[in-house]
Structures are given as structure tokens and as C-alpha cells.
Amino acid sequence: LGNFDYFKYRLRLKQTINNGASYSLSYHLIERDFETQDSFDSKTHDYKLNLYMPLLNATKIGLDFGHKEKRYKNSSNSEYDRDTFTTQLKQRINKILTLGLEAGVASYDYLIETNSNQVKYYAGFNWRTLFLEEKLNLGGFYQARALDQKDNKANRSEQIIGSDGQYNLNLAHFKKINLKIEHGRDDTKEIEERDDALRYRYNKWNIQTTHPLSKRLDTVFGFNSSRRDYFDAANGFKSWAVENETSYSILESKISSLAFSLDSEHKEANFNLNNSLNYVKDSFGMDLIYKRKKNCETPKKWLNHEK
């Protein structure tokens, strides 16, 4: 598609109600401006509502609602609305083991190309366990998806499986290390850099380390690697990326706090059969996070730039 600049803005309100119950409201705006491909210039509005409630016997339930609108400057046939609903149920079995179930649905309604309308159903389970006096945290998940599309009755099932771990070192300048591995099938519809809907098989893993530098300053380094192979296209690729997020606490009081963070990413992708598609991406972002310690949180992402 070529080089593009983008702007992201995110506003989120989170509040704890009573007895561990909470809710959050968020709004996310993404604008993209391509240097040469004006038909792909777009604006995306994404709204989310999350409810989280404790039940009896160490059981917790979560309800997530979402509405997304994607609009293009010069390509109205690709415009759509997406509505999502997900429910999650978590049960703490004992002090070291927690199990979870989830199910949901996502509906895509195209404004003009109604034959492309589709509904995606998904369900899965996850687990998490603690070892070594809670220093070692291990988990995993499995999710199955099914797709119903009016003009395509072929088998479009997808499955995703993954595992992750976290070890808490709690050293002066090395707090913890995280590792995650994932394998499955997906499509490109929900990738903001893409405007097509191609199915693919993928493998990816990432490692992340957290380092407190001072009482107010900490930084997180990450490295991830992935491989993607498309079912209906020959442009599979491998990629790797390094990431950093550095946060500084500007203000800390009994009733509120204010923090500022900078995040950056360098990514390189190499395509299997067409080297002309290889690319390098550098992105930068800023966050300002204000928290009221009486159950209110409002993070805001100001600006991102990418080439």
C-alpha cells in the first residue's frame, strides 16, 4: 500500500463500583493518510464498554460490548460497521489455579457491499497457575472460531492456541520477564495496516522484560518474531520487531497520579517470494495517564506517527 502517516487518539474511563465490580468506557480514533494511495485513506471510530462483576464462590464474570465504524475517503464499497459481544467466566479453583471460559460474536455489516456481510462466532477456555510462592506465573488458552458469510459457504473455521509465562525476579533494576507463544489461523480484516480480508496461518512469540530505573522512572523492552503463510495468496512473510516503553511518574499524591510514557517500535518484514514487498517500519507514540485513586482512571493516547 505504500508509506502512510497515522494519528491515534484513545480515551478511557474506568471505575470500580462495589465489592470488586467495575466498568470501563473507551473511545479509539485512528486516522490514516497515505502518500500515494488516497483511496486507502481512512478514519476508524471504535467504542467499547466492559463490565466486570464478582459472583459467588470465587467466580467472576465479564461482559464486553463493542461498536466500530470504518470509513474511507475514496472507497465507500469497503466501509463497514462491526458490533461485538463477548462474555467471560473465571473460576478460582484454589490458591494456585484459575480456569476461564469465553464466548462471543462479531457481526460485520457493509454499507454498500452487503454480500460481504459476515458473522464470526468464537468460544474458548484458558487457565493460569502459580508456582514458587507466586514468583512463576504460567497460563494458556485455546479458541475456536466459525464464520458465516452470505456469499461464501466454504469452511472458514479458525483455531488459536497459545501459552505464556511470567517470572518475577524483583531485583533492583530487573523486575520481571514475560514470554508468550501463539499458533493459529486468522484473517487480515482487523489489522489496521491492511484493507483486505485474507486468511492465513501464523506462528509468533515475544519476550518482554521490565526494569525500574528509579522510583519514578521505569522501562520495558520487548522482542517479537512471527511467521505468516496465506491460504489464498503467495505473499507469506517473516518479521521481527523490537519495542520499548518508558514511563515517568510526574505527580503522585494521596488522591491522584499523573504519568507520561513514550513508546517506540522498529519492525522489519521479509516476504518469501517477492523481495520488493519487504519493508521497515518505525513508529512512535506518547501517552498521558491520569488516575484518581478513588476508583477513577482516564488514560489518553495523544499521538502516533509511522512511516
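In this predicted model, the second largest pocket holds about 540 Å³ of space. Its lining is made up of 23 residues, and those closest to the pocket centre are K90, T98, N126, W127 and R128. Several strands share in this lining: β5 (80–92), β6 (97–110), β7 (118–131), β8 (136–149), β10 (176–187) and β11 (199–212) each give two or more residues to it. The greatest share comes from β7, which supplies five residues. Sorted by class, the lining residues comprise eight nonpolar, eight polar and seven charged ones.

One of the residues closest to the centre of this pocket, R128, also leads to a residue in another strand. The side chain of R128 is joined to that of D164 by a polar contact of 3.0 Å. D164 itself sits in strand β9, which covers residues 158–168. With a relative accessibility of 21%, D164 is classed as partly exposed, because buried residues must fall under 20%. Beyond its neighbours within four places in sequence, D164 is in contact with R128, N137, L138, G139, G140, L179 and K180. For L179, the C-alpha atom lies 5.5 Å from that of D164, although 15 residues separate the two in sequence.

The loop between β7 and β8 deserves a look of its own, and two of its residues can be taken together. Most residues other than glycine have a negative phi. L132, found in this loop, has a positive phi near 50°. E133 is placed in the loop between β7 and β8 as well, and its phi is also positive, near 55°. Both residues can be described by their accessibility too. L132 counts as exposed because its relative accessibility of 53% is over the 50% cut-off. E133 is likewise exposed, with a relative accessible area of 78%.

Strand β5, one of the elements that line the second largest pocket, contains T84. At 19% relative accessibility T84 is counted as buried, since the limit for that class is under 20%. Setting aside residues up to four places away in sequence, T84 touches D64, F65, G66, V105 and A106.

A further residue to visit is A58, in the loop between β3 (42–54) and β4 (59–72). A58 is partly exposed, with a relative accessibility of 45%. When residues up to four places away in sequence are left out, A58 touches K90, Q91 and R92. K90, in turn, is among the residues closest to the centre of the second largest pocket. The C-alpha atoms of A58 and I93 are 8.0 Å apart in space, while the two residues are 35 apart in sequence.

Later in the chain, F237 is found in strand β13, which spans residues 237–252. F237 has a relative accessible area of 6% and is therefore buried, as this value is under 20%. Its contacts outside the four places to either side in sequence are with S226, R227, R228, Y230, A269, N270, F271 and N272. The C-alpha atoms of F237 and L25 are separated by 36 Å, and these residues are 212 apart along the chain.

Stepping back to the whole protein, the secondary structure amounts to 16 strands and zero helices. The radius of gyration is 21 Å, close to the 19 Å that the globule rule gives for 307 residues, so the protein is as compact as a globular protein of that length. Along the principal axes, the C-alpha atoms fill a box of roughly 50 × 40 × 35 Å. Of the 307 residues, 33% are buried. Contacts across the sequence add to this picture: among those between residues at least 6 apart, 49% join residues at least 24 apart.

Methods:
Residues are numbered from 1 along each chain as its sequence is written. This is a predicted model: local features need pLDDT of at least 70, side-chain atom pairs count only at pLDDT 80 or more; totals for chains, interfaces and linings use all residues. Side-chain values use heavy atoms; hydrogens and water are left out. Helices (H or I, at least four residues) and strands (E, at least two) are DSSP runs, numbered from the N terminus. Buried means under 20% relative accessible area, exposed over 50%, partly exposed in between (1.4 Å probe, protein chains only). Contact means heavy atoms within 4.5 Å. A polar contact is a pair of N or O atoms within 3.5 Å; within protein, one must be able to donate a hydrogen and the other to accept it, and residues adjacent in sequence count only if both atoms are side-chain atoms. On a 1 Å grid over the protein atoms alone, a cavity is a set of points where a 1.4 Å probe fits but cannot get out, and a pocket is an open set with protein on both sides within 12 Å along at least five of seven lines; lining residues have an atom within 4 Å of a point. Grid points are joined across faces, edges and corners, and a volume is the space filled by probe spheres set on the points. Ala, Val, Leu, Ile, Met, Phe, Trp, Tyr, Cys and Pro count as nonpolar, Asp, Glu, Lys and Arg as charged, and the others, Gly among them, as polar. The radius of gyration is taken over C-alpha atoms; the globule rule is 2.2 Å times the number of residues to the power 0.38.
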